[in-house]
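Q: Please take a close look at a single part of this structure. I would like one connected account of a strand and its surroundings.

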Amino acid sequence: MVFFHLHDADTLFMPVLQPSFLPDPPAVEAATPLMAQYLAVKARHQDCLLFFRLGDFYEMFFEDAVTASKALDIALTRRGQHQGQDVPMCGVPAHAYESYVAKLIRAGFRVAICEQKESPEEAKKRAKGQGGGKAIVTRDVVRIITQGTLTEDSLLDARAANYLACLTNVGEDMAIAWCDIVAGHIFAQSVSVAELSGVLARLDASEILIAQRLVEKPELFEILAPVRAQLAPQPNGRFDSDNARRRLCDIYNVGDVAAFGDFSRAEIAALGSLLDYACLTQKTDLKHFARPLKSGALQVTIDAATRRNLELTRTLSGDRRGSLLDAIDRTETGAGARLLAARLTSPLTDVGAIAARLDAVAFFVGAGVLRDKMRASLRRCPDLERALARLALGRGGPRDLASVRDALSEAEAVRSALLAARLPLP
């Protein structure tokens, strides 16, 4: 992978890290079996810091250890030698890895989690069946964590969406797709050069996949400057519209993307590439994802400068406190806060949809007792959306199952209260 940075709005994106500039990786030859396994896994994930599971710890070696020890402010030690040189090593407890990962992600790193795929006993049995030899537990990467693919509550802001976006083009047509991994909603929108800055400002994505050919377009330099820290340039081949079309069909098990509606080739390329990246980093199927939807047609277009000056979600200094969202947000749940922010940043133009929202607000304004009951139930309701996503991705736990149980209980309480009110519902 090639990473780029932008010094100023009027300068070119220049490569800062390419394979030819990297130091030669340690040779696998003459390595111990464990170190040979590590080097083989690391060779497939050179753009990540590799958290290599050894018992109760995630260990890092060689350059990863040096880099991580500085970023995390932890001790740098060593583990034996390789080719006559000490092997740098550092590690973090597996039970508390999330806080360390959070710090690395905030610092701009990608982290690959390499787990043990079998127990030591299973490894010994396998080695015995293969004619003996030292038993090395099989390990492989089970997940790649990036800024736009976080799923843990401890790494996410409960009251804000965490968008992963993808920007590409097919010929003269440009499109952007985006999703929230832990919400399972995915959207696409055709976008012109004139509209791009406003769309990027509206999404405020944590990570933006972008085709290399767009990075090199001079007319986009100034537009992309404010989001340069979120850009993740990808090879052009990853954005082929035909491959994206096939990927969408495979993921959703449909015969043709026409089943989703009238999407342009550029939108298909953005959607397929986005989902392919999500599958690659999550190492699992995206069973909880809803079908793709088109966006933009029924929303007010607000350019980046106007959006910034309106201080919808952040003040001019970049703080949430003091913004319009901060002033009106009295939601009781994280999901409600995320929905309010999405509606505030994407005002509708459809009169019927606007009227329906106003009718819902008017209903609860006029039903004070019922409103208080609803707020009390919502206050007890866990974040079902994110709990379900973790379970669907195969990394849920007892707490997520309990969240589903408690949310269903509160849903029944909400339903009963609405029926008992005997009021015409909007």
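In which sense do β3 and strand β7 (residues 111–116) pair, and over how many bridges? Please go on from there to the other strand partner, the burial of β3 and the rings around it.

A: The model is predicted. In it, β3 and β7 pair in the parallel sense, over four bridges. Within this pairing, Phe52 of β3 stands opposite Cys114 in β7.

β3 also pairs with strand β4 (residues 57–61), here in the antiparallel sense and over three bridges. In this pairing Arg53 stands opposite Tyr58. The two strands form a hairpin with two residues between them, and Gly55 in that hairpin takes a positive phi near 65°.

Burial comes next. Strand β3 covers residues 49–54, and six of its six residues are buried, so the strand is largely enclosed by the rest of the structure. In a regular strand, side chains alternate between the two faces of the sheet. For β3, one side carries Leu49, Phe51 and Arg53, and the other carries Leu50, Phe52 and Leu54. Both faces are covered, as the residues on each side are all buried.

The rings can be placed on this frame. The count of aromatic pairs comes to nine. Phe51 and Tyr58 form one that is tilted, with 5.7 Å centre to centre and 45° between the planes. The angle counts as tilted because it is neither under 30 degrees, which would be stacked, nor over 60, which would be edge-to-face. Both partners are enclosed: Phe51 has a relative accessibility of 0% and counts as buried, while Tyr58 is buried with a relative accessible area of 3%.

Tyr58 has a further contact with β3. The charged end of Arg53 sits over the ring of Tyr58, 5.2 Å from its centre. Tyr58 is thus the residue opposite Arg53 in the strand pairing, the ring under the charged end of Arg53, and the ring partner of Phe51.

On the other side of β3, Phe52 belongs to a separate list of contacts. Ring pairs link Phe52 with Tyr38, Phe61 and Phe62 into a cluster. Phe52 is also the residue that stands opposite Cys114 in β7.

Taken together, β3 has a parallel partner in β7 and an antiparallel partner in β4, and buried residues on both of its faces.

Key: Residues are numbered from 1 along each chain as its sequence is written. This is a predicted model: local features need pLDDT of at least 70, side-chain atom pairs count only at pLDDT 80 or more; totals for chains, interfaces and linings use all residues. Side-chain values use heavy atoms; hydrogens and water are left out. Rings of Phe, Tyr and Trp (its six-membered ring) pair if their centres lie within 6.5 Å; planes under 30 degrees apart count as stacked, over 60 as edge-to-face and the rest as tilted. Buried means under 20% relative accessible area, exposed over 50%, partly exposed in between (1.4 Å probe, protein chains only). A charge sits over a ring if NZ of Lys or CZ of Arg is within 6 Å of the ring centre and within 35 degrees of the ring normal. Two strands pair if DSSP finds at least two bridges between them.
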